[in-house]
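Here are a few notes to go with your first look at this one. Have the viewer open and follow along point by point.

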Amino acid sequence: MKTVVSIAGSDSSGGAGIQADLKTMIMNGVYGMSVVTALTAQNTLGVTGIYEVSAEFVGRQMEAVFEDIPPDAVKVGMVSSACIIHEIAEKLKKYKGENIVVDPVMVATSGARLIRPEALEVLRKELLPLASVMTPNLPEAEILLQAEEEESGREFFRIRTKEDMERAARRLGEKYKVAVLLKGGHAVEDANDLLFQKGEFRWYKGRRIPTPNTHGTGCTLSSAIAANLAKKFPLEQAVEAAKEYISKALEAGLDLGEGSGPMNHGFCIPEAYRREK
């Protein structure tokens with residue numbers, strides 16, 4: 001069986017982070033492992049606290065995984081401090097990590113900031129260039145573009161149109177020398193995603209599913225992509241299959257919590273989520 005490690009934060013409500021990643025991995029046919037970067041106190045209403053794991057212990061977790069069960073793919077999610085990001089980058093280089101999917105989590109769905117400002121530079125300079133693909137949403141892409149503008153003096157722009165998305169994906173891809181999946185869920189007109197790879201674009205048409213329960217969508221998508229890359233899918237096919245999985249998980253739905261609830265990661269297990277009578 002192929003293996004994938006998630007390097008991310010824990011979500012106490014189970015809808016995002018490590019918990020969502022492991023659910024997604026098993027449903028996509030790979031063995032999931034974890035390196036916890038932070039504990040969060042959160043639920044469907046928001047994040048009320050973050051307890052960060054030390055960089056040294058993050059490194060020890062990575063050593064334990066890579067030296068015994070070397071992963072076929074790596075998903076990196078919530079990393080909030082510069083020292084943790086540096087440690088992750090160093091260990092990925094040491095162990096020659098492959099099929100690295102970086103989901104640059106910066107702001108939670110609830111609006112809570114999940115990365116320290118001083119960590120952004122280390123993320124940009126040390127971690128993003130190691131990625132096989134990065135998966136920012138539109139607000140995250142704007143944060144990265146703004147940081148680039150401040151560094152290089154290039155024009156900063158807001159992402160509002162299809163042409164803006166293509167411009168942003170190309171700029172990020174050429175800057176970091178990686179493939180970019182720019183997620184369009186925050187767009188006004190549609191939910192289409194854009195893949196920029198080796199100078200070429202591919203659009204993935206999406207449709208808005210009428211549900212408030214979208215907690216953990218970014219974590220789930222990036223984990224599904226990592227699972228598919230571990231199974232030797234080409235990137236375009238890995239993204240396509242991941243989008244199909246997340247759409248079905250959203251459609252199946254769960255009505256849990258008072259806010260933005262989780263999706264149904266186990267929708268294809270017939271008996272797993274049968275409604276109690």
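1. Let's begin with the empty space inside. This is a predicted model, and its largest cavity holds about 30 Å³ of space. Searching the whole structure turns up 1 cavity of 30 Å³ or more.

2. Which residues line that largest cavity? They are G77, V79, D103, P104, V105, M106, I115 and L123. Sorted by class, the lining has 6 nonpolar residues, 1 polar and 1 charged.

3. Now for the sheet. It is open, has 9 strands and shows mixed pairing. If you want to trace it across, the order is β3-β2-β1-β4-β5-β6-β7-β8-β9.

4. Why do β3 and β9 each have one side without a neighbour in the sheet? Both stand at the edges, β3 as residues 46–52 and β9 as residues 200–204, and each has a single partner strand, so one side is left free of a neighbour in the sheet.

5. Have a look at one pairing up close. In general, strands of a sheet pair through backbone hydrogen bonds, in either a parallel or an antiparallel way. Here β7 (residues 179–182) and β8 (residues 193–197) take the antiparallel option, over 3 bridges. Within this pair, L181 sits opposite L195 of β8.

6. Two helices are worth finding against the strands. Helix α1, residues 17–27, lies across β1 (3–11), β2 (31–43) and β4 (73–76), and runs at about 150° to β1. Helix α8, residues 235–252, lies across β6 (133–134), β7, β8 and β9, and its angle to β9 is about 15°.

Conventions. Residues are numbered from 1 along each chain as its sequence is written. This is a predicted model: local features need pLDDT of at least 70, side-chain atom pairs count only at pLDDT 80 or more; totals for chains, interfaces and linings use all residues. Side-chain values use heavy atoms; hydrogens and water are left out. Two strands pair if DSSP finds at least two bridges between them. Helices (H or I, at least four residues) and strands (E, at least two) are DSSP runs, numbered from the N terminus. Contact means heavy atoms within 4.5 Å. Axes are lines fitted to C-alpha atoms, for helices over the stretch in contact, and angles run from 0 to 180 degrees between N-to-C directions. On a 1 Å grid over the protein atoms alone, a cavity is a set of points where a 1.4 Å probe fits but cannot get out, and a pocket is an open set with protein on both sides within 12 Å along at least five of seven lines; lining residues have an atom within 4 Å of a point. Grid points are joined across faces, edges and corners, and a volume is the space filled by probe spheres set on the points. Ala, Val, Leu, Ile, Met, Phe, Trp, Tyr, Cys and Pro count as nonpolar, Asp, Glu, Lys and Arg as charged, and the others, Gly among them, as polar.
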